[in-house]
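This report describes the surroundings of the bound ligands, the cysteines and selected backbone features. The sequence and structure are shown below.

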Amino acid sequence: MLEIHNTLSGKKEEFKPLEENKIKFYVCGPTVYDYFHIGNARSFIMSDIIRKYLELKGYEVTFVMNLTDVDDKIIKKSIQEKVTSKAVAEKYVDAFLEDIEKLKVKRASFYPKATEHIYEIINLIKKLEAKGIAYNIDGNVFYDVSKFENYGALSKKRTEDLESGARIEINEEKKNALDFSLWKKAKEGEPFWESPWGNGRPGWHIECSAMSCSHLGETFDIHAGGNDLIFPHHENEIAQSEGASGKKFVNYWIHFGFLNINNEKMSKSLGNFFTARDILKIYSAETIRFFFAQTHFAGPLNFSEDLLQAAAKGLEKIQNLYDRVLSELNSEKNEANDVEFDFQKYFDLFSQAMDDNFNTPQAAAVIFDFVKEVNRVISQNENISGKFYGQVKLFLDKTAEGVLGIINTKASTTTRNLENELIELLLNVRLEAKQQKNYALSDKIRDDLKALGVILQDGKEKTTFKIVRE
Ligand code: AMP
Ligand code: ZN
């Protein structure tokens, strides 16, 4: 039985989809004004892992991730770069799609763009206005929070507290400090669309209400995003969608913990970020995904290169077994032995872990136990049948790769190992050169390797290396 921790109830709940075997899943995607950082990548990768597990369980998942392509930050960038905001958005939508593909994130069923849903957005605002929940002041339309009784239910905030404390839009014209923009009147030089309230553009929150509704319906199963979106973004989405439809908006809310750096949230505005693009030049998608999967999605996670290196090292055990399985499956065998192995047990343990609110660290531990046990069987038996290796491959393909995405299935075992072995050999020659005080040679080896994109790091005990792939 799958249980999900629902931010709305604050509890783990049994998951029941609206329609048997089908899941409608919406995740807040990026605002496309720059390359996304490795903190954003945590949300994209964890939602990908959840989606893939739901698919492994046999659900047909409609997975929607929006692209916010009209926004203050995009406009600001377009002014800086002296191009249209459409050009800024297009450039970073392409970059986003490229980068998530490199991170092995499966394509969404839909990537709706705000600028392509202006009609739906206007209709939704019209509906709210007709119900007396939205008001227009000189071409700026606001949501009247006092008209929505359940406001604060998701973030567990009382409206009185919110009014006094929270970071909310300051605008003299609004009736109430908590009211938020649905439609923003056009300003000089900004992109705009015609509307019943004059030329303008949509607010950020209404985009997600309109786009989720047009692709998934008024009520759907799962809505996810980073913790930073609980308030006000998701709180406002609920107010808008339920205010307009009179129906429950979302059954299960999932929120991802922050990726921190020095215990501070990684974010563009703080300037303490690394783009996923740059990290991908040093670490493989598998390493990055494993680094995330080792921590439960809901908690905070501190970013550090040491942890990424440890993740890369940890993965070697799984990758080595996988590579061995591939070569065993390619080799001819006569009179091979069938060995007893309880594969189902490991599938069950993996599912148990993931059914418990997508406990990926536990699921990864199951995979490591499996690898250890398989290695034991291999070391204790000779000439094992292809059937056994086929089943080992099937387990790893479905779990480690199919859900977590942590195996390089394309690795050509011979060249990859040879590459590492040759580098190790050069490291040994360099060590000998150093011992003989031939620093000219040891430096030359380091510099020549660097020119090839192999970076050496001299540690206390030994020298390690990393390969920078452009
Ligand atoms: P944005 O482009 O800022 O709208 O963010 C895109 C997605 O990444 C949203 O779901 C955010 O909640 C999420 N996000 C932003 N910063 C972080 C972070 N440091 N750690 C985890 N998720 C984040
Ligand atoms: Zn959203």
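## Shell around ligand 1

Helix α1 (38-56) and strand β9 (220-226) each contribute at least two residues to the shell around ligand 1. Helices (H or I, at least four residues) and strands (E, at least two) are DSSP runs, numbered from the N terminus. With three residues, α1 provides the largest share of this shell.

The model is predicted: local features need pLDDT of at least 70, side-chain atom pairs count only at pLDDT 80 or more, and totals for chains, interfaces and linings use all residues. Residues are numbered from 1 along each chain as its sequence is written, chains are lettered from A and ligands numbered from 1 in the order in which they are written, and side-chain values use heavy atoms, with hydrogens and water left out.

## Composition and contacts of ligand 1

There are 17 residues around ligand 1, of which Ser43, Gly226, Asp228, Leu259 and Met266 come nearest. A residue is near a molecule or strand if one of its heavy atoms lies within 4 Å of it. By class, the shell holds six nonpolar, nine polar and two charged residues. Ala, Val, Leu, Ile, Met, Phe, Trp, Tyr, Cys and Pro count as nonpolar, Asp, Glu, Lys and Arg as charged, and the others, Gly among them, as polar.

Backbone atoms of the protein take part in polar contacts with ligand 1 (pairs of N or O atoms within 3.5 Å). A polar backbone atom of leucine 259 is 2.8 Å from a nitrogen atom of ligand 1, and for methionine 266 the corresponding distance to a nitrogen atom of the ligand is 2.9 Å. At threonine 31, a backbone N or O atom lies 3.2 Å from an oxygen atom of ligand 1. Ligand 1 on its own has 490 Å² of accessible area, and the protein covers 91% of it; such areas come from the Shrake-Rupley method with a 1.4 Å probe.

## Zinc site

The zinc ion (ligand 2) has the protein donors Cys28 (SG), Cys208 (SG) and His233 (NE2), at 2.1 to 2.2 Å. Donors are N, O and S atoms within 2.8 Å of the metal (3.2 Å for Na, K and Ca); water is not among the atoms, so sites may look incomplete. Along the chain, the donors follow the spacing C-x179-C-x24-H. Cysteine 208, in helix α6 (residues 204-216), and histidine 233, in helix α7 (residues 230-245), are 25 residues apart, and the pair links distant parts of the chain.

Both cysteine 208 and histidine 233 are buried, where buried means under 20% relative accessible area, exposed over 50%, and partly exposed in between (1.4 Å probe, protein chains only). Cysteine 208 counts as buried because its relative accessibility is 0%.

## Cysteines and disulfides

A disulfide is a pair of cysteine sulfur atoms within 2.5 Å, and by this rule the count is zero. The sulfur of cysteine 213 has its closest cysteine sulfur in cysteine 208, but the distance of 12 Å is too far for a bond. Cysteine 213 is partly exposed, because its relative accessible area is 32%.

## Backbone features

The peptide bond from phenylalanine 231 to proline 232 is cis, with omega near 0°. Proline 232 is placed in helix α7.

Lysine 82 is not a glycine, yet it has a positive phi of about 55°. This lysine 82 is in the loop between α2 (72-81) and α3 (85-102), and it counts as exposed because its relative accessibility is 76%. Aspartate 138, likewise not a glycine, has a positive phi of about 55°. Aspartate 138 lies in the loop between β5 (134-137) and β6 (140-143) and is exposed, with a relative accessible area of 54%.

Key. Polar contact = N/O pair within 3.5 Å; in protein donor to acceptor, adjacent residues only side chain to side chain.
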